[in-house]
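Grab a coffee and work through these exercises with the structure open beside you. Try each task before you read its solution.

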Amino acid sequence: MNTRVTIHEVLKTIIKPKNVKVDEPLSNHTFTKTGGKADFLVFPETNKEVQDVYQYAMQQQISITIIGFGSNLIIRDGGIRGIVMSLKKLNSIQIKGTKIITQSGAAISDVSKFALSQSQTGLEFACGIPGSVGGAVHMNAGAYGGEIKDVIKECVVINKNSDLITLNKEQIGLSYRKSHVAEQGHIILEVIFELNPGVYEEIHAKMDDFTLQRQRKQPLEYPSCGSVFKRPLGHFAGKLIQESGLQGKQIGGAQVSTRHAGFIVNIDKATATDYIKLIQHIQNTVKSKLGVELETEVKVIGEDLK
Ligand code: FAD
């Protein structure tokens, strides 16, 4: 029987006990600093541990959720039942020729800096994206005219049968903030980027410019999940929100940023419920005032408070 005690005991035989947390507040693991508790939060250190935890959860029909760095997640205040798995301890980055091979728990910004150190060009756009490599591939993260799709060659994933398989670029299937790997529910373990030889100083200058643009335009002094909405065709979400008179609108501790209307910032102990109510209010207002549907880029997961 899958009692909490049994699940805990089994998890501690699969991975190191110090890497199994019980009733862990996920607000400690999201960039908005909101979210309820995970029944179990685990941090595997090897691919085999990831595979074994996944296999155990599948066999025992225990729900399993993968998180990256939580920079594009709103986790409802009731938290997540079952097992939540973070791959942030799998974070190696290596180079082979013009290929950079990384584990999915590495920070995409560290991969960008590593590419600079090797004078490889192509990943400059990612220098200020605060997520993991796994999250960046899952979302096809992008900025300043670049996206993961432009630089990815292959990735190694665990599929629904718990098999380790390698996917090529077409199979990964990246488009604007979407991927086949996400639709198929694959766990991304390893990513191979193919870059081009470049000039160190030019790569560095580009990264400095992108960093400066972020610092000028984004409310980086507050917790947030970045741009909350996808860019609707022919529009910019932030501009629509501004035109709807919503800049500065606050529900609970969540506020439409006064600096960048596409961001919702946690200015005063916001809850996930505050975020979700504000998102719905923005969607309804923009639809009724300007006739445009805003679709969330941020992923909202987990249970409401009972
Ligand atoms: P999470 O938020 O933890 O998860 C996002 C999704 O990815 C979830 O569905 C999760 O299940 C899935 N996932 C994560 N890891 C794996 C894995 N190993 N295998 C399978 N699924 C996985 N985004 C941009 O695209 N461009 C930007 O310029 C940008 N700027 C931002 C600025 C700020 C200040 C913030 C807070 C966010 C910004 N973001 C931006 C959003 C975010 O950083 C990206 O979407 C990032 O790629 C998410 O990575 P993560 O590791 O935090 O994923």
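**Exercise 1. A loop glycine**

Leaving aside neighbours within four places in sequence, which residues is G36 in contact with?

*Solution.* Before you start, keep in mind that this is a predicted model.

Step 1: find G36, which sits in the loop between β1 (20–25) and β2 (37–42).

Step 2: list its contacts beyond four places in sequence. They are E24, P25, L26, S27, I75, R76, D77, G78 and G79.

Step 3: pick one of these partners, G79. G36 and G79 are 43 residues apart in sequence, yet their C-alpha atoms are 3.7 Å apart in space.

Step 4: check the burial. Buried means under 20% relative accessible area. G36 has 7% relative accessibility, so it counts as buried.

**Exercise 2. The alanine in α9**

Work out whether A272 is buried or exposed, and find its contacts beyond four places in sequence.

*Solution.* Step 1: look in helix α9, residues 272–290, for A272.

Step 2: read off its accessibility. A272 comes out at 0%, so it counts as buried.

Step 3: name the partners. Beyond four places in sequence, A272 touches T34, G35, I74, I75, R76 and D77.

Step 4: take D77 and compare chain with space. A272 and D77 are 195 residues apart in sequence, and C-alpha to C-alpha they are 5.7 Å apart. You've met D77 already: it is also among the contacts of G36.

**Exercise 3. A serine in α3**

Why does S109 count as buried?

*Solution.* Step 1: S109 is part of helix α3.

Step 2: its relative accessible area is 14%, and because the cut-off for buried is under 20%, S109 makes the grade.

Step 3: as for company, S109 is in contact with A126, C127 and I129, once neighbours within four places are set aside.

**Exercise 4. The nonpolar cores**

Which residues have the most contacts inside the largest nonpolar core?

*Solution.* Step 1: start with a rule of thumb. In soluble globular proteins, nonpolar side chains tend to be buried together.

Step 2: the largest nonpolar core here has 28 residues, and I108, L123, V137, I148 and F193 have the most contacts inside it.

Step 3: see where they come from. α3 (108–117), α4 (133–139), β11 (152–158) and β15 (187–194) each give two or more residues to this core. The largest share, four residues, is from α3.

Step 4: zoom in on V137. Not counting residues up to four places away in sequence, V137 touches I148, I152, I172, L174, S179, V181, I188 and V191.

Step 5: don't stop there. A second, separate core has 23 residues, including A261, I264, Y275 and V292.

**Exercise 5. Around the ligand**

Which element gives the most residues to the shell around the ligand?

*Solution.* Step 1: of the 36 residues around the ligand, those that come nearest are I66, G68, S71, S132 and G142.

Step 2: sort the shell by class, and you get 17 nonpolar, 15 polar and four charged residues.

Step 3: go through the polar pairs. The side chain of S71 has an N or O atom 2.6 Å from a ligand oxygen. R214 has a polar side-chain atom 2.8 Å from an oxygen atom of the ligand. With I188, a backbone N or O atom is 2.9 Å from a ligand nitrogen.

Step 4: add the cover. Taken alone, the ligand exposes 980 Å², and the protein buries 92% of that.

Step 5: tally the elements. Two or more residues each come from β3 (64–67), α4, β9 (142–143), β15 and β17 (224–227). The winner is α4, with five residues.

Definitions and conventions
Residues are numbered from 1 along each chain as its sequence is written. This is a predicted model: local features need pLDDT of at least 70, side-chain atom pairs count only at pLDDT 80 or more; totals for chains, interfaces and linings use all residues. Side-chain values use heavy atoms; hydrogens and water are left out. A nonpolar core is a set of buried Ala, Val, Leu, Ile, Met, Phe, Trp, Tyr and Cys residues joined through side-chain atoms within 4.5 Å. Buried means under 20% relative accessible area, exposed over 50%, partly exposed in between (1.4 Å probe, protein chains only). Contact means heavy atoms within 4.5 Å. A residue is near a molecule or strand if one of its heavy atoms lies within 4 Å of it. A polar contact is a pair of N or O atoms within 3.5 Å; within protein, one must be able to donate a hydrogen and the other to accept it, and residues adjacent in sequence count only if both atoms are side-chain atoms. Accessible areas come from the Shrake-Rupley method with a 1.4 Å probe; for residues, only the protein chains shown count as cover. Ala, Val, Leu, Ile, Met, Phe, Trp, Tyr, Cys and Pro count as nonpolar, Asp, Glu, Lys and Arg as charged, and the others, Gly among them, as polar.
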